[in-house]
Amino acid sequence: MSVSVARVPTRSASRYLQQLAKHWSHKMTVVFSEQEGTIDFPSGARLAMRAESESLDVILTVPEGEDVERMREVVASHLDRFAFREAPLTFDWRPG
């Protein structure tokens, strides 16, 4: 497993977390509240999110053999879509 973490500066973290979770809930296993959420991808990858007052913290776990960079791009591009007023968001991806 490869783990990537990022702290994304935004004052709209809770809103973006909920929008992303609802968006993917028809295709994937999703559990979320206003402050936390997890999304399980069919590939075995998992996205965990936590909304803070000034940031959205994300933890992306990708199984061995899957394209980590591509999964990072998928997460970032979808969040940017919901954050169109302040996009592109800044993702400081680093190993977890």
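Here a trainee and a mentor talk through some labels used for this predicted model.

Trainee: Let's start with the rings. Why is the pair of Trp 24 and Phe 41 called edge-to-face?

Mentor: There are two aromatic pairs in the structure. For Trp 24 and Phe 41, the ring centres are 5.2 Å apart, and the planes sit at 70°. Centres within 6.5 Å make a pair, and planes over 60 degrees apart count as edge-to-face, so the label fits.

Trainee: And what makes this pair a link between distant parts of the chain?

Mentor: Trp 24 belongs to helix H1, while Phe 41 is in the loop between strands E3 and E4, 17 residues apart. Both Trp 24 and Phe 41 are buried, too.

Trainee: Then why is the pair of Phe 91 and Trp 93 called stacked?

Mentor: Look at the angle: their planes are at 15°, with ring centres 5.6 Å apart. Planes under 30 degrees apart count as stacked, so that's the name they get.

Trainee: How do you know whether Phe 91 is buried or exposed?

Mentor: Its relative accessibility is 15%. Buried means under 20%, so Phe 91 is buried.

Trainee: Now Ser 4, over in strand E1. What makes Ser 4 count as buried?

Mentor: Ser 4 has 1% relative accessibility, so under the 20% cut-off it goes down as buried. The residues Ser 4 touches include Val 58, Leu 60 and Trp 93.

Trainee: Why is the meeting of the Ser 4 and Arg 72 side chains called a polar contact?

Mentor: The distance given for those two side chains is 2.9 Å. The limit for a polar contact is 3.5 Å, so the distance passes.

Trainee: On to charges. What makes Glu 36 and Arg 50 a salt bridge?

Mentor: Their side chains come to 3.1 Å, N to O. The cut-off is 4 Å, so they qualify. Glu 36 is in strand E3 and Arg 50 in strand E4, 14 residues apart.

Trainee: Why does Glu 36 count as partly exposed?

Mentor: Partly exposed lies between the 20% and 50% limits, so Glu 36 at 43% lands there. Arg 50, at 35%, is also partly exposed.

Trainee: How do you know that Arg 70 and Glu 73 form a salt bridge?

Mentor: Their closest N and O atoms are 3.7 Å apart. That is within 4 Å, so the pair counts. Arg 70 and Glu 73 both lie in helix H2, three residues apart, about one turn of the helix.

Note on methods
Residues numbered from 1 in each chain as written. Predicted model: local features only at pLDDT ≥ 70, side-chain atom pairs only at ≥ 80, totals over all residues. Heavy atoms only, no water. Phe/Tyr/Trp six-rings, centres within 6.5 Å; stacked < 30°, edge-to-face > 60°. Helix = DSSP H or I, 4+ residues; strand = E, 2+ residues; numbered from the N terminus. Buried < 20%, exposed > 50% of the residue type's maximum accessible area, 1.4 Å probe, protein only. Polar contact = N/O pair within 3.5 Å; in protein donor to acceptor, adjacent residues only side chain to side chain. Contact = heavy atoms within 4.5 Å. Lists of a residue's contacts leave out its neighbours within four places in sequence.
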